[in-house]
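Subject: Structure handover

Hello,

The structure you asked about is below. My notes on what was found in it follow.

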Amino acid sequence: MRHGTTVCGLLLAAVMAGGCAQPVPPPPRTVAEYDHFVRSGAGGYPRQTILLHNLQRVLDKEIATDARIESLRVIDKVGGEEPIVLDQLAVVLGDSGNPPQLHAAVLDFLLKKDYPELAGYVMRVLPISSSGQIRQALMDWLVRHPTPAVLSGVVRVWSDQLSLNRTDSAYYQQAVERITNRSWDAALLEALNTPGFTAPGAAMGILARHMAPGALSGRISASVARSEAMTTAQWFIAHLDYLPDSEAELASAVAIYRTRQNLLGDVAGLSGKWRAKYGYRFNIRDVHLLAGLSRDSNKAETDRATLVGALSEVLLKRRHIRYGPARTAREDVTIRFDRLADRLTMADLWNLRLLNEMLSRPPVQAALRVMSLQDRADRKNAWGGQVFLENGQAAAKLYPADVQAADNDSRYVPSARSASDGRDALCRFSAHFEQPENAPRSGPDTEELADARENNYYGLILTAVSESTFCAHYYNPQGIIVSLGEFPMGN
């Protein structure tokens with residue numbers, strides 16, 4: 001609120017200004033009472049007193065909703081357009097404890113008064129508004145206030161609706177076109193290329209959803225880059241034939257381009273070799289792996305047949321725990337490496353080799369035993385973290401779960417730091433260690449698979465099988481799951 005004076009203080013001042021030498025009728029609280037008050041010429045209360053008295057009633061949660069809405073109608077009748085009145089009414093919208101009917105009435109009032117500070121609330125209401133009349137009023141307000149913040153808000157809401165598969169794209173296209181006075185695709189490309197635009201990933205995701213990849217890449221490449229997002233996208237298109245076409249991918253690409261640009265030439269070189277030999281298609285989630293392998297000549301020269309042969313030999317000898325969800329599913333869920341090898345990329349094969357080597361090392365197994373006991377004792381959060389490639393070996397690093405998330409002992413919720421560091425990591429790992437005999441929860445569940453797809457990362461699930469053993473399952477954003485088998489916990 002921009003005005004520090006309270007409603008009660010102004011009301012008292014207004015009453016005093018109106019005089020109190022003799023009793024007067026109560027201030028009108030309904031439109032009918034106000035009309036009678038005007039016709040009778042009764043006097044006693046100036047306009048400001050009537051206005052502020054009814055504003056106080058609108059804000060009073062002890063009063064019935066219908067009565068609060070009626071007082072709002074009186075404010076409208078009196079013509080309440082003072083900034084303090086609009087600011088106070090806006091507080092109603094920000095309080096979820098107020099009833100929806102009052103929210104709708106106040107929103108309609110503020111839209112009609114063209115209150116300029118509604119952007120945040122309009123963005124929240126826009127995707128859930130079922131009334132065509134209210135949606136049109138929201139749209140009209142957006143058109144009258146075409147600021148960068150408003151465009152960013154519309155783009156974010158549109159992107160959120162896309163992720164939920166509930167969008168009316170034509171509606172949001174129209175909103176963008178009316179705000180910018182340009183075609184929606186040109187407007188989003190321009191926004192993507194504007195320094196300070198706060199929703200570049202959302203804009204990219206929308207463009208990729210509605211345009212052919214080649215056409216989108218061509219228009220991005222033809223632009224004169226002015227923003228970090230556009231510069232990043234152009235580099236990856238030119239050197240890796242890769243368009244970061246989702247919010248998660250663009251965020252990762254920008255972070256990598258900003259911090260590890262000196263390694264990207266080597267990444268492009270090894271990626272090109274894999275593409276020529278094996279049809280590999282680069283993805284930003286593979287930068288960490290490619291950067292590490294390109295600095296090791298022996299690893300960089302290892303061919304696909306060698307990787308498949310070595311993994312087949314070790315994994316076929318190991319005991320495997322049946323994938324948890326497949327225990328009750330009618331269909332057979334294939335997680336055996338020998339049946340999936342042809343569907344795995346070079347990045348998948350290297351991830352599997354490095355993770356298998358890591359989990360086979362006795363010090364790692366001993367550390368996982370300690371971790372499993374500590375995780376089991378922690379009844380509020382599941383444990384997990386990120387796996388990095390260091391000195392030619394995979395190394396796991398624990399990250400505390402997100403303290404802002406609700407307590408969840410069955411699923412690891414990464415902190416913002418973990419998710420950020422994971423943009424330059426081999427994979428995310430999560431533990432299903434909440435009880436010692438947890439085989440029915442082996443492997444990723446539906447939600448974990450969906451999260452990997454949405455946020456574009458590889459995953460590793462470690463599940464306690466007994467007091468002394470655990471099993472491991474690797475998965476990728478395409479939903480392919482590979483069992484690495486059962487391992488000892490270590491001593």
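In these notes, two residues are in contact when heavy atoms of theirs lie within 4.5 Å. Please keep in mind that this is a predicted model.

Overall

The chain has 491 residues, and 49% of them are buried. Its secondary structure consists of 24 helices and six strands. Among contacts in the chain with a separation of 6 or more, 65% are between residues 24 or more positions apart.

Helix 16 and helix 17

Two packed helices are described by the angle between their axes and the distance between the axes. For helix 16 (residues 264-278) and helix 17 (residues 287-294), the axes come within 8 Å and cross at roughly 95 degrees. An angle of 65 to 115 degrees counts as roughly perpendicular, and these two helices are therefore roughly perpendicular to each other.

On the helix 16 side, the contact is made by Asp-266, Val-267, Leu-270, Ser-271 and Trp-274. They meet Val-287, Leu-289, Leu-290, Ala-291, Leu-293 and Ser-294 in helix 17. Sorted by class, this contact has eight nonpolar residues, two polar and one charged.

Cavities

Rolling a probe the size of a water molecule over the atoms shows where empty space is left. The structure holds two cavities of 30 Å³ or more.

The largest cavity has about 70 Å³ of space. Its lining consists of Lys-273, Trp-274, Lys-277, Tyr-278, Ala-300, Glu-301, Thr-302 and Asp-303. Helix 16 and helix 18 (297-301) are the elements that give two or more residues to this lining, and helix 16 supplies the largest share, four residues. By class, the lining of the largest cavity divides into three nonpolar, one polar and four charged residues. Trp-274 of helix 16 thus appears twice in these notes: it is part of the contact with helix 17, and Trp-274 also lines the largest cavity.

The second largest cavity holds about 40 Å³. It is lined by Asn-381, Ala-382, Ala-401, Asp-402, Ala-405, Ala-406, Asn-408, Arg-411 and Val-413. Five of these lining residues are nonpolar, two are polar and two are charged.

Pockets

Which residues lie nearest the centre of the largest pocket? They are Ser-246, Ala-248, Arg-453, Glu-454 and Asn-455, out of 40 that line it. The elements giving two or more residues to that lining are helix 9 (148-163), helix 12 (200-210), helix 15 (247-259), helix 23 (416-421), strand 3 (427-432) and helix 24 (446-455). The space in the largest pocket is about 1200 Å³. Its lining residues divide into 17 nonpolar, twelve polar and eleven charged.

The second largest pocket has a volume of about 320 Å³. It is lined by 18 residues, and Tyr-280, Arg-281, Phe-282, Asn-283 and Arg-285 are the closest to its centre. The class count for this lining is eight nonpolar, four polar and six charged.

Buried residues

Helix 12, one of the elements lining the largest pocket, has Gly-201, Ala-202, Ala-203, Met-204, Ile-206 and Leu-207 buried. The cover over these buried residues includes helix 9, helix 11 (184-192), helix 13 (213-221), helix 14 (228-240) and helix 15. Of those, helix 9 and helix 15 also contribute to the lining of the largest pocket.

Leu-52 sits in helix 3 (residues 47-59). Its relative accessibility is 1%, so Leu-52 counts as buried. Leu-52 and Ile-75 are 23 residues apart in sequence, with their C-alpha atoms 8.4 Å apart in space.

Two residues with positive phi

Most residues other than glycine have a negative phi, and most peptide bonds are trans. Asn-391 is not a glycine, yet it has a positive phi of about 55 degrees. Asn-391 is in the loop between strand 1 (384-390) and strand 2 (393-399).

Asn-456 also has a positive phi, near 60 degrees. It lies in the loop between helix 24 and strand 4 (459-464).

Are these two asparagines buried or exposed? Asn-391 has a relative accessible area of 84% and is exposed, whereas Asn-456, at 10%, is buried.

Regards

How values were computed: Residues numbered from 1 in each chain as written. Predicted model: local features only at pLDDT ≥ 70, side-chain atom pairs only at ≥ 80, totals over all residues. Heavy atoms only, no water. 1 Å grid on protein atoms, 1.4 Å probe; cavity = no way out; pocket = protein on both sides within 12 Å on 5 of 7 lines; lining within 4 Å. Points joined across faces, edges and corners; volume = space filled by probe spheres on them. Nonpolar A, V, L, I, M, F, W, Y, C, P; charged D, E, K, R; others polar. Buried < 20%, exposed > 50% of the residue type's maximum accessible area, 1.4 Å probe, protein only. Axes fitted to C-alpha atoms, helices over the stretch in contact; angles between N-to-C directions. Parallel < 35°, antiparallel > 145°, perpendicular 65-115°, else oblique.
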